[in-house]
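User: Please take a close look at the salt bridges in this model, and at what surrounds them, and walk me through what the coordinates show.

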Amino acid sequence: MSDLSSFPVTARWPAKHPDRLQLYSFPTPNGVKVSIALEEIGLPYEAHMINILKNETWTADFLSINPNGKIPAILDPNGPGGKPLALFESGAILLYLAEKTGKLIPADPALRYETIQWVFFQMGGIGPMFGQLGFFYKFAGKDIADKRPLERYRDESRRLLGVLDTRLEGRKWVMGDEFTIADISMLGWVRTLKVFYEAGELLGMDNLRNAMRWLDEGLARPAVQRGLEIPPRP
């Protein structure tokens, strides 16, 4: 049996199955990337709900695994060389899981890097911009009298959606016929724009035929449906 006792996070969130990959997360657009990937891959894991609504990411136990204080993070008892590996940042975790299992990423080196570039596109553009749009459109930022921040993030979100829509012209998934970590990185964020932020009309999302078809087909995947609910909200 794997010994994870040297990792302080396991004191706060004990592992019932220490031989399995441990996921520390919450069902946000970033959090569900990892649970969806794990469900798609079929790798055994144990999910721990880190309640961001109660600021549990800022506890010493969680900060020991992610000093940036954000979900998701993982602890793999069977990391490289058979040694435990703790990892944070959703994009890094997606790449790690894909390379660990040989799934959700093309074997061809050129296609592999092409997939990674789209994950970086999500990490550097879609995530930050869509999140800011949500703040200024749905949450506290909507009450700010100066609407220039909202307009800025609205316009940039429209542009990014347009990039995705253009990429999907003639393709089933971002990389063609193969569902990859590139799709997983973006699905939760595009879903959140439309369903949670309710910004579909603001962004003209119904006019993005390719992206909306991709979203519907992605959300119809059983593993995606399961991953969106892991770990369950409190």
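Analyst: In this predicted model, the side chains of glutamate 40 and arginine 221 come together in a salt bridge, with an N to O distance of 2.8 Å. This contact joins distant parts of the chain, since glutamate 40 belongs to helix α2 whereas arginine 221 sits in the loop between α9 (209-219) and α10 (222-227), 181 residues apart. Arginine 221 has a relative accessible area of 24%, and because buried is reserved for values under 20%, arginine 221 counts as partly exposed.

The structure holds 13 salt bridges, and another that links distant parts of the chain pairs glutamate 169 with arginine 209, whose closest N and O atoms are 3.4 Å apart. Here glutamate 169 lies in the loop between α6 and α7, arginine 209 lies in helix α9, and the two are 40 residues apart. Glutamate 169 is partly exposed, at a relative accessible area of 46%, while arginine 209, at 57%, is exposed.

A salt bridge within one helix is the one between arginine 159 and glutamate 156, with 2.8 Å from N to O. Both residues belong to helix α6 (residues 148-167), where they are three residues apart, about one turn of the helix. Arginine 159 is partly exposed at 46% relative accessibility, and glutamate 156 is likewise partly exposed, at 24%. Salt bridges also link Arg154, Asp155 and Arg158 into a network.

Helix α2, which carries glutamate 40, also takes part in the largest pocket, where α2 (31-41), α5 (109-137) and α7 (181-196) are the elements that each give two or more residues to the lining. That pocket encloses about 1,100 Å³ of space, and among its 39 lining residues those closest to the centre are Thr28, Pro29, Asn30, Ile52 and Trp189. Helix α7 gives the most to this lining, with six residues. Sorted by class, the lining comprises 20 nonpolar, 13 polar and six charged residues.

Helix α7 also contains phenylalanine 196, which is partly exposed at 42% relative accessibility. Together with Phe135, Phe139 and Ile144, Phe196 forms a nonpolar patch on the surface, and the four residues share about 340 Å² of accessible area.

Notes. Residues are numbered from 1 along each chain as its sequence is written. This is a predicted model: local features need pLDDT of at least 70, side-chain atom pairs count only at pLDDT 80 or more; totals for chains, interfaces and linings use all residues. Side-chain values use heavy atoms; hydrogens and water are left out. On a 1 Å grid over the protein atoms alone, a cavity is a set of points where a 1.4 Å probe fits but cannot get out, and a pocket is an open set with protein on both sides within 12 Å along at least five of seven lines; lining residues have an atom within 4 Å of a point. Grid points are joined across faces, edges and corners, and a volume is the space filled by probe spheres set on the points. Helices (H or I, at least four residues) and strands (E, at least two) are DSSP runs, numbered from the N terminus. Ala, Val, Leu, Ile, Met, Phe, Trp, Tyr, Cys and Pro count as nonpolar, Asp, Glu, Lys and Arg as charged, and the others, Gly among them, as polar. Patches are made of residues with over 30% relative accessible area and no salt bridge: like charges are joined within 9 Å, nonpolar side chains (Val, Leu, Ile, Met, Phe, Trp, Tyr) within 5 Å. Accessible areas come from the Shrake-Rupley method with a 1.4 Å probe; for residues, only the protein chains shown count as cover. Buried means under 20% relative accessible area, exposed over 50%, partly exposed in between (1.4 Å probe, protein chains only).
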